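Hi,

Here is the structure I promised to pass on to you. Have a look at it first, and then read on for what turned up.

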Amino acid sequence: MERVKVMRPNLYDVLGPLDKAPADYGSFEVEGEAAARESLVEELTREVRGRAGVLGVGEVVVPPELIQAVKEDVLRLGESEPCGLRGGVLHVRYQDGQEMARVVVDPCMPNTFDLFLTLQPDTTTWYHKMGRLIKPLRKSSPLLLSTTYVLEKRKLYPEE
C-alpha cells in the first residue's frame, strides 16, 4: 500500500507576495476630520468678517497668519479628545468679551469640549490710531485684527 502525501499549499503560494505597508502612518485620519478642518477655517473667517456691524466698524480684516495659527492650535487641542476636532465648539470673542461668533464643527457629533478664542485689535496700524483721533470716521474705517490671541479649552466631560 502506497502512502499518499497530501501537500497543503502555503499561504504565500495562494496569496502571493503581500504589498508593503505604507511608511507614512501619520497620514491616517479619522473619517470626516479633514472636512471638519476645512469647514472650521471657512466658518470662522466668514463669521468674524460678518461681525463688522456689531463692532461698529466698516469691515473686519482678518490676517491669514491669524487664521493659520488658530487652526493649528485648535487642531492640536482637539486631537486628544474622544470625538476629535468634530466634537468641538469654538466660541469667538472680541477683547471686550463681546461674542463675535459660535462655530460648531460638526452638528451631528456630540460636543465634548469648548474652545474660547479671544481676538484683539492690531493697535499698531494707522487705522486704529486715526480712528481714535477722528471719531466720525471710525464707522467706515476697517478693524485689523492682531495676530495675537488667547485660546482656552474647557472639557465637557469628567476626566478620569
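Please keep in mind that this is a predicted model. A good place to begin is the pairing of strands β4 and β5, the latter covering residues 143-155: eight bridges join the two, and they run antiparallel. To find one of these contacts on your screen, pick leucine 115 and look across to lysine 153 in β5, its bridge partner.

Now turn to the other pairing of β4. Strand β2, residues 88-94, is parallel to β4, and seven bridges connect them. Here you can look for histidine 91, which sits opposite phenylalanine 116 of β4.

How much of β4 is buried? Of the nine residues in this strand, which spans 113-121, eight are buried. A general point may help when you look at any strand: in a regular one, side chains point alternately to the two faces of the sheet.

β4 also takes part in a cavity. The structure has one cavity of 30 Å³ or more, and the volume of the largest is about 30 Å³. Which elements supply at least two residues each to its lining? They are α2 (33-49), α4 (64-78) and β4, and α4 contributes the most, with three residues.

If you want to highlight the lining, select Leu44, Val48, Val62, Leu66, Ile67, Val70, Leu117, Leu119 and Leu145. What kind of residues are these? Nine are nonpolar, with no polar and no charged ones in the lining.

Happy exploring, and write back with any questions!

Best wishes

Conventions: Residues are numbered from 1 along each chain as its sequence is written. This is a predicted model: local features need pLDDT of at least 70, side-chain atom pairs count only at pLDDT 80 or more; totals for chains, interfaces and linings use all residues. Side-chain values use heavy atoms; hydrogens and water are left out. Buried means under 20% relative accessible area, exposed over 50%, partly exposed in between (1.4 Å probe, protein chains only). Helices (H or I, at least four residues) and strands (E, at least two) are DSSP runs, numbered from the N terminus. Two strands pair if DSSP finds at least two bridges between them. On a 1 Å grid over the protein atoms alone, a cavity is a set of points where a 1.4 Å probe fits but cannot get out, and a pocket is an open set with protein on both sides within 12 Å along at least five of seven lines; lining residues have an atom within 4 Å of a point. Grid points are joined across faces, edges and corners, and a volume is the space filled by probe spheres set on the points. Ala, Val, Leu, Ile, Met, Phe, Trp, Tyr, Cys and Pro count as nonpolar, Asp, Glu, Lys and Arg as charged, and the others, Gly among them, as polar.
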